[in-house]
Amino acid sequence: MQTVKDRGPGAAAGASPRYAEVWGDTVDTAHLGWSVLIGAVVSFGAFELALRILQPLVAQAAMGRAYAMLVGLAGCLAAGAICARLFKPKRIVVEQEASDEGVRAELIARLVAEAGPLGSVQALPGYVVAEMKEVGLYDLFADAQARHAADGIALEHASSGGVA
């Protein structure tokens, strides 16, 4: 578990961090603690209650315990639902449109420089082309492909000494 610096309103007042990274997600440590406690109480409580009710009703004690374990698992699901209801997500997802075509073209050029040629946009399936056109990426990739091809021809021509 890795602690993450709190950038919330309490951070300016010098409050200690209250977020931690668990399995690649950032969580509020207080809510995490309460969730663990709620999960333990609800699931174990469901198991014990079912064990006391089912043990006398079944012929074999092992079967009563097995059914009680299933009820305990259902308690885990119930605890998850309770915690999801009590502790709302803290994430704020902001979706912004990158309207600067120059920035997009620069990113695609970097991608080509790092990964090599991108392949042919003409070889893409029709549904991919339609989706790329819908989000405004098709022309950028087609232009990058054309520039890459032109650079390759210019490089070939320069390496051969300009003789055709």
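Q: What covers the buried residues of helix 3?
A: In this predicted model, helix 3 runs over residues 61–86. Its buried residues are Gly64, Ala68, Gly72, Gly75, Ala79 and Cys83. Two of these names, Gly72 and Gly75, return among the contacts of serine 43, a residue that lies in helix 2. The cover of the buried residues of helix 3 includes helix 2.

Q: Which residues of helix 2 are buried?
A: Helix 2 spans residues 29–54, and what covers its buried residues includes helix 3. An α-helix has 3.6 residues a turn, so residues three or four places apart point the same way. The buried residues of helix 2 are Ile38, Gly39, Ser43, Phe47, Ala50 and Leu51.

Q: Is serine 43 buried or exposed?
A: Serine 43 sits in helix 2, and beyond four places in sequence it is in contact with Gly72, Gly75 and Cys76. Its relative accessible area is 15%. A residue counts as buried under 20%, so serine 43, at 15%, is buried.

Q: Which backbone oxygen does the side chain of serine 43 reach?
A: Serine 43 is buried, and glycine 39 is also listed among the buried residues of helix 2. The side chain of serine 43 comes to 2.6 Å from a backbone oxygen, that of glycine 39.

Q: What span does helix 2 reach from its first C-alpha to its last?
A: Helix 2 has 26 residues. At 1.5 Å a residue, 38 Å is expected. The span in the model is close to that value, at 37 Å.

Q: Which residue caps the N-terminal end of helix 2?
A: The capping contact is made by a side-chain oxygen that lies 3.0 Å from the backbone nitrogen of alanine 30. The residue that supplies this oxygen has its place in strand 3, residues 25–28. The cap is aspartate 28.

Q: Which residues does aspartate 28 touch, not counting residues up to four places away in sequence?
A: Aspartate 28 has a relative accessible area of 4%, so it counts as buried. Its side chain reaches the backbone nitrogen of alanine 30, but alanine 30 falls within the sequence neighbours left out here. The residues touched are Arg18, Tyr19 and Lys90.

Q: How many disulfides does the structure hold?
A: Cysteine 83 is buried, with a relative accessible area of 10%. Cysteine 76 counts as partly exposed because its relative accessibility is 41%. A disulfide would need two cysteine sulfur atoms within 2.5 Å. The number of disulfides in the structure is zero.

Q: Which helix supplies the largest share of the largest nonpolar core?
A: The core has eight residues: Ile108, Val121, Val129, Met132, Tyr138, Leu140, Phe141 and Ala144. Helix 5 (126–135) and helix 6 (138–159) each give at least two of them. The largest share, four residues, comes from helix 6.

Q: How far apart in space are isoleucine 108 and phenylalanine 141, C-alpha to C-alpha?
A: Isoleucine 108 lies in helix 4, residues 101–115, and is buried because its relative accessible area is 6%. Both isoleucine 108 and phenylalanine 141 belong to the largest nonpolar core. They are 33 residues apart in sequence, while in space the separation is 7.2 Å.

Q: Which residues does valine 129 touch, not counting residues up to four places away in sequence?
A: Valine 129 is one of the residues of the largest nonpolar core. Val121 and Tyr138, also in that core, are among its contacts. With Leu124 added, the list is Val121, Leu124 and Tyr138.

Q: Which element of the chain has the lowest mean pLDDT?
A: The chain averages a pLDDT of 78, and 71% of the residues score at least 70. Helix 2 has the highest mean among the elements, 95. Over residues 1–6 the pLDDT stays under 50, although the model has 17 contacts there beyond four places in sequence. The lowest mean, 44, belongs to strand 1.

Q: What pattern does the chain follow along the sequence?
A: The secondary structure comes to six helices and three strands. Of the 164 residues, 17% count as buried. Read along the sequence, the pattern is β-α-β-β-α-α-α-α-α.

Terms used
Residues are numbered from 1 along each chain as its sequence is written. This is a predicted model: local features need pLDDT of at least 70, side-chain atom pairs count only at pLDDT 80 or more; totals for chains, interfaces and linings use all residues. Side-chain values use heavy atoms; hydrogens and water are left out. Helices (H or I, at least four residues) and strands (E, at least two) are DSSP runs, numbered from the N terminus. Buried means under 20% relative accessible area, exposed over 50%, partly exposed in between (1.4 Å probe, protein chains only). A polar contact is a pair of N or O atoms within 3.5 Å; within protein, one must be able to donate a hydrogen and the other to accept it, and residues adjacent in sequence count only if both atoms are side-chain atoms. Contact means heavy atoms within 4.5 Å. A nonpolar core is a set of buried Ala, Val, Leu, Ile, Met, Phe, Trp, Tyr and Cys residues joined through side-chain atoms within 4.5 Å. The expected span of a helix is 1.5 Å times one less than its number of residues. pLDDT is the predictor's confidence in each residue, from 0 to 100.
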